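Student: I am new to this structure. Please take one part of it, look at it closely, and then place a few other details beside it.

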Amino acid sequence: MAEEEKKPSEFPADKPGEKRDDEQLVIPDTLPLLPVRDVVIFPFMIVPLFVGRERSINAVDSALTKDRLIFAATQKDISKEDPEPADLYTTGTVCMIMRMLKLPDGRVKILVQGLTRAAIEKFAQVRPSYTVQVAKIKEATAPAATLEVEALMRNVKDQIERLSTLGKVVFQEVMMVLDNIVDPGRMADLVAANLGLKIDEAQVILEILDPVKRLEKVGEMLVKELQVAQMQVKIQSQAKEEMDKSQREYFLREQMRAIKNELGDIEEGGEEMDELREKIKKAKMPAEVEKEANKQLDRLEMMHPDAAEAALIRTYLEWLVDLPWAVFTKDAIDIDKAKSVLDSDHYDLEKVKERILEYLAVRKLQKKTKGPILCFVGPPGVGKTSLGRSIAKAMGRKFVRISLGGIKDEAEIRGHRRTYVGALPGRIIQGMKQAGTTNPVFMMDEIDKIGMDFRGDPSSALLEVLDPEQNYAFSDHYLNVPFDLSKVMFIMTANMADPIPDALLDRMEVLNLPGYTEEEKVQIAKKFIVPRQITEHGLTDKLIRIPDETIHAVASEYTREAGLRNLEREIASLCRKIAKKVASKKGKKELTVINREQIHEYLGVPKYLPDAEQETDEVGVATGLAWTPVGGEMLHIEASIMNGKGQLTLTGHLGDVMKESAQAALSYARSRAAEFNLPADFYKNLDIHIHVPSGAIPKDGPSAGITMATALISALTKRAISKDLAMTGEITLRGRVLPIGGLKEKSLAALRANIKTVIIPDRNKKDLEEIPKEVMKELTFLPVKHMDDVLNIVFPKKTGVAKTPLERKKTKGAPKPKHGAKAGRKGATPRT
């Protein structure tokens, strides 16, 4: 049950000598009890009530069936849903139920009017509703109007009027009734009912029976309410004044800043502004950059701290002060020490090491040398990234690395303009901040895998970064001030140079890192991989030993790659097997030597088999050599002649270049038909089929030209080709043999296939310097200039071809040319 509203009745005016209504009432001794919450009902007060509790509804029903009288008593604790007798005040009001309305939700709404005070003498019934025996409380008779009483009543009227002017809600009807009341008791009840007192305070007023004392008590509470209302008004006034003062100060401060800015007298900032200004000073920026930083700081000082642009400027200034404008590391110009560091971290790679030592030597003589821009090109796993770390270590510089693979947005390099939400500098500036110096070793991986789309071309943005004539003033869109990159040593890495745009490739010094030979892999595994894997797996040299022949077998039979990643995985697998054996309960901590015969127990059957050797010399079968990213391979090119209509069939998943080489070989054979004792129109009645085995693997490249021509001429002349001879070279229509690439890898493939003689183009003699010495001892290289030279080697007896002297001795030459044939394995297009 809860009170909905409290609206007092309009009390009739008392007339002197007239009997009060409560004195004429006949109150029964026993009445239904209605416990009420959050309101104290005074006599003559009309109040609407919502009744929802079961016992209360039963009490209302009981009153309505009799004389409509009910006794209302207030709960001491309004939170109790089912109050006990002890939870109710004993003094209450006898009320008349004037109206009753049943609501759809089961509750009852009643309108009651207080009649007279009464007190509970005894609880006659508890269920289904409270019934109590009450005793009517007879109030003291109001005294005759005296000056004191008149003054008290006027004072109360004045206070209630003042209270209404201070914001207290007092109904106009109440004010009109107050003007006509002459009974101090009724005035006290009316004011108390409309004052909004607390339950306990209103109950105190109800229990005071003397009219004058009751009015005095109400007067005291009015004084307290007046003081509270005045304090509220004062607080509101102060808050409004403070707000007006803050607004006034803000406008004055803005005007002051504008005036001082015009006069050139920059106002002293707060603690944050002073800190930023000190950082700008300590950063030792170039004059142009420092001017821009101070300009932005001045703008920040003039802004309100909560302004949206203030946060953007603050972030921009933090980027400026955090960049290493004048911080650099001193290069370790000790050539011998640098060489020792490079040798201890990497095996071989002499050209790269020599280039780094040359740079250090020049730095020792000329301090203002610009940083080199190197590009390491090589297959995966040959140590390009780790070599960059070793270079930084050898030079005593900081190392920072970013990956460019897959980026398509120019803003990744140059950054976003500050007008965009969430704008940041590009990855170049971010890397410089990470390095913390102006001269780090900055590595950019996978430069050959940069993409482009509608957002721009990142490779074009890199042109400024990698140009020594421009990067001293690199402009990032976010910073919008020049940043010096000329002292940075940039190192790019790529798997292939072909996808790199020419303009970008022209700005870099390309150093090729070819795949490792089997002997090199063994040496690297002995010095680096095996010790590292033994340590990482918690083993020692007293628990495991892997001999050289085992490493040889693992490299040749379980891996096929130019790099070392799979070899390291296989060696790690061997270490895990031994670690499991040692860690088991039954395992003994004794030395385990992994011999070649035991490899299959740990690694399973071999994954790769060596290239198959021909058993006999055959007609129409020539052995060619191909380059792949994982090393060289053998190609057994087969040619077959059949009666037909002059059709040339090419199979084996060949690329366009290889198909063109086959056409050129056929044209060469037709042009020399008389010398081969063939009819001039031999091709009209024959079908020629050229096939390259392993048809599932795509193949392409020009260097199979002489091999195809040799196989075709062998098939036409019925002359067998030696199984111990391999060849590589491009052929023209005139029979000239052009140079090829990948000679080192192709030579290793021939050696693995137990072939001892290799025909190479004469212009590739200079590349023999790159062939390892142990390979040169095992192979004989025969340089040729013309296809006639090839045929004189392949068919040493009379063939009808022109006689030319053969160079059968081993030769040496200069560095390998940039161009050449390339090949790939499963998934990439192989090139012969």
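**A strand and its partners**

Tutor: The structure holds zero disulfides. Keep in mind that this is a predicted model. Two cysteines can be described by their surroundings: Cys 95 counts as buried because its relative accessibility is 1%, under the 20% cut-off. Cys 575 has a relative accessible area of 0%, so it is buried too.

The part to look at closely is strand β6, which covers residues 108–125. Begin with its pairing to strand β5, residues 91–102: the two strands run antiparallel and are joined by 11 bridges. Along this pairing, Met 96 of β5 stands opposite Gln 113 in β6. β5 and β6 form a hairpin, with five residues between the two strands. Within that turn, Gly 106 has a positive phi of about 95°.

Next comes strand β3, residues 46–51, which pairs with β6 in the antiparallel sense over six bridges. Here Ile 46 is the residue opposite Gln 113. Gln 113 therefore has two facing residues to look for, Ile 46 and Met 96.

A further partner of β6 is strand β7, residues 131–136, again antiparallel and joined to β6 by six bridges. In this pairing, Ile 120 of β6 faces Val 134 of β7. The connection from β6 to β7 is a hairpin of five residues. When following side chains along such strands, recall that in a regular strand they alternate between the two faces of the sheet.

For a helix to set beside these strands, go to α23, residues 705–717. At 1.5 Å a residue, its 13 residues should span 18 Å, and this agrees with its end C-alpha atoms, which are 18 Å apart. Of the 13 residues in α23, 12 are buried. Among them are Gly 705 and Ile 706 at one end of the list, and Ala 715 and Leu 716 at the other. After the helix comes Lys 718, with a positive phi near 60°.

Last, consider Asp 789, found in helix α26, residues 787–794. Asp 789 is buried but has no salt bridge. The nearest side chain of opposite charge belongs to Lys 785, 7.5 Å away; this is beyond the 4 Å cut-off, so the pair does not count as a salt bridge. The backbone of Lys 785 is another matter: its nitrogen lies 3.3 Å from a polar atom of the Asp 789 side chain.

Terms used. Residues are numbered from 1 along each chain as its sequence is written. This is a predicted model: local features need pLDDT of at least 70, side-chain atom pairs count only at pLDDT 80 or more; totals for chains, interfaces and linings use all residues. Side-chain values use heavy atoms; hydrogens and water are left out. Helices (H or I, at least four residues) and strands (E, at least two) are DSSP runs, numbered from the N terminus. The expected span of a helix is 1.5 Å times one less than its number of residues. Buried means under 20% relative accessible area, exposed over 50%, partly exposed in between (1.4 Å probe, protein chains only). A disulfide is a pair of cysteine sulfur atoms within 2.5 Å. Two strands pair if DSSP finds at least two bridges between them. Lys and Arg count as positive and Asp and Glu as negative; His and the chain ends are not counted. A polar contact is a pair of N or O atoms within 3.5 Å; within protein, one must be able to donate a hydrogen and the other to accept it, and residues adjacent in sequence count only if both atoms are side-chain atoms.
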